[in-house]
Amino acid sequence: MTALAVLFWLSAGLLIYTHVGYPLLLWLLARLKQTGPRAFVRDLPKVSLIVAAYDEEAVIAGKVRNALELDYPAEKLELIVASDGSTDQTVQLAGEAGAHSVLDLPRAGKAQAQDIAVEGATGDVVAFSDANSLWAPDALRALVVPLADPDVGYVCGQVRFTRSAEDTNEEGAYWRYEMAVRTFESRLGGITAGNGAIYAMRRRDYEFGDPFSGDLTLPFKLARRGLRALYEPNALAEEPMVPTLEGEFRRKRRMMSRAWGIILRGEMLNPRGYPPLFAFELASHRLLRYISPFLHLLAFGTNIALLGSGWLYWATFAIQLAFFIAAALGPFVPSRVTRLPYYYVLVTGSIAVGLWDYLRRGSPLVWEKTRS
C-alpha cells in the first residue's frame, strides 16, 4: 500500500470512527457495564444558582422568575445574577424581578464574573445557568442528587432547543446525537464536556482564577482529581436556538477560538492524571473531533490523487463529492437532505476558522451576544 493510500484510509477511518464507531463502541461498553444504585439524598443541600449575564434585559426578568419558581426549598436556594459589564437594564430588571443578589461588575469576561459570584455564594453547591435558559420545575433537584456521591464532581443537565417554523438551524438534530453520546460516556468514564445552560458542582470543588473555566475544562480537570462528570437527562432546560445556520457558524466560531486556547494552553492534551477510560473518551470524542476539518481535507486530497488506483477510490470520491454538493445546496434547497450536510460543513469549518482566529488574536475572554 502506498503512502497516499495509508493517509487516505487513516484519515477516512478516523472520521468514521469518531462520528459512528465511537458512539457504537460506547453503546456496547455501557450495555456490558453494570450500574450501581444511585446515591440516596436525605437532605437537599443549599444551592447558589449563578446566572452570568451580559446585556440580557430582554430575558433576565423571565430567567429570575423561572429560577425562583423551581421546585426547591426556598430557604435553600440563593439566586445570584452577575452582570458582566452590561450596558442595558439587566441589573435593574434582575433586582426588580427578585434576585437575591445582583452584582454589577466591570466587563472582564464570564469566568471572572462567575468567580466573583462563587466567592460570595453561601451554598454548599453552586449551579450555573445562562440568562436565556429556562429550567423545568424539578431540574435543580435532579441536578444536585448525583452530587451526593463523593466520586461525582460535576453534573450537567439536558438542553432542548426551541425553534420557530422559519428557523433553518439544525443544531437540535446534532444536539440529540451529542446527548446520546454523553449518556453512554456518563455511564462509563464520565462526560468530556458539559453545557453552560445547566450544570452544578460542589462549591469546594470550584477552581478560581482560571480564565478558561467552563463547559470544556471542568470535566477533564475534575477527572485529574479523581472526580467524575455526569450527564443527568432528567435535569431539563430549554433555550432558543440561533435561528439560522450562518448565525450558528458565527457562534461556533467564537466558541472554538476559545476552545483552542483550552486545547493548546489549558493542559487538555497532557495525559497525566487521567483515568484510562476517560482518556480514551477524551481522545475519541474531543481530540478527533477537533482535527476533523484537517482529516476531511486530507481524505479528499489523497482520494483525488488516488483516482487512478482503481474503482474503489472512484466510489469513495463520489461519496465525498455528493456530500459536499448537498452541503453547497443547503442555503438554497429547503430540505434536511441538504441542510444537515450544510450544518455539518459549517460546524466542522468553524473548528478550523476558530483555530485561525486563536492563532491571530488568542482566546477571547469577553463574550458577545449571538446574532442570527
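This briefing covers the sheet, the helices packed on it, the nonpolar cores and the aromatic contacts. The model is a predicted one. Its sheet is open and has eight strands. Its largest nonpolar core has 63 residues. A search of the whole structure finds 17 aromatic pairs.

**The sheet**

- The eight strands follow the order S3-S2-S1-S4-S7-S6-S8-S5, and their pairing is mixed.
- Strand S3 (101-105) and strand S5 (134-135) stand at the edges. Each has a single partner strand, so one side of each has no neighbour in the sheet.
- Strands of a sheet pair through backbone hydrogen bonds, in parallel or antiparallel fashion.
- Strand S4 (residues 125-129) and strand S7 (residues 199-202) run antiparallel and are joined by four bridges. Val-125 faces Arg-202 of S7.
- S6 and S8 run parallel, with ten bridges between them. Thr-162 stands opposite Pro-240 in S8.
- S5 and S8 run antiparallel, joined by two bridges. Leu-134 has Glu-238 in S8 as its bridge partner.

**Helices against the sheet**

- Helix H4 (residues 110-120) packs on the sheet. H4 touches strand S1 (47-53), strand S2 (77-84), S3, S4 and S7. The direction of H4 makes about 145° with that of S2.
- Helix H7 (residues 217-224) lies across strand S6 (152-162), S7 and strand S8 (228-240). H7 runs at about 160° to S6.
- Helix H2 spans residues 60-68. Its buried residues are Ile-60, Ala-61, Lys-63, Val-64, Asn-66 and Ala-67.
- Those buried residues of H2 pack against S1, S2, S4 and S5, and also against helix H3 (90-97).
- An α-helix has 3.6 residues a turn, so residues three or four places apart point the same way.

**Nonpolar cores**

- In soluble globular proteins, nonpolar side chains tend to be buried together.
- Within the largest core of 63 residues, Trp-135, Leu-140 and Ile-198 touch the most other members.
- A second core is separate and holds 18 residues. Among them are Ala-223, Ala-259, Phe-278 and Leu-355.

**Aromatic contacts**

- A pair of aromatic rings is described by the distance of the centres and the angle of the planes.
- The whole-structure search gives 17 aromatic pairs. One of them is Phe-8 with Trp-9, an edge-to-face pair. Their centres are 4.8 Å apart, with 70° between the planes.
- Phe-8 counts as buried because its relative accessibility is 2%, under the 20% limit. Trp-9 has 35% relative accessibility, so Trp-9 counts as partly exposed.
- Phe-300 and Phe-324 form another edge-to-face pair, at 5.6 Å centre to centre and 90° between the planes.
- This pair links distant parts of the chain, 24 residues apart. Phe-300 belongs to helix H10 (residues 292-305), and Phe-324 to helix H11 (residues 311-329).
- Phe-300 is partly exposed, with a relative accessible area of 24%. Phe-324 is also partly exposed, at 29% relative accessibility.
- Phe-300 and Phe-324 belong to one aromatic cluster, together with Trp-314, Phe-317, Phe-323 and Tyr-344.
- Arg-107 places its charged end over the ring of Tyr-54, 3.8 Å from the ring centre.

Notes:
Residues numbered from 1 in each chain as written. Predicted model: local features only at pLDDT ≥ 70, side-chain atom pairs only at ≥ 80, totals over all residues. Heavy atoms only, no water. Phe/Tyr/Trp six-rings, centres within 6.5 Å; stacked < 30°, edge-to-face > 60°. Buried < 20%, exposed > 50% of the residue type's maximum accessible area, 1.4 Å probe, protein only. Lys NZ or Arg CZ within 6 Å of the ring centre and 35° of its normal. Core = buried A, V, L, I, M, F, W, Y, C linked by side-chain atoms within 4.5 Å. Pairing = 2+ DSSP bridges. Contact = heavy atoms within 4.5 Å. Axes fitted to C-alpha atoms, helices over the stretch in contact; angles between N-to-C directions.
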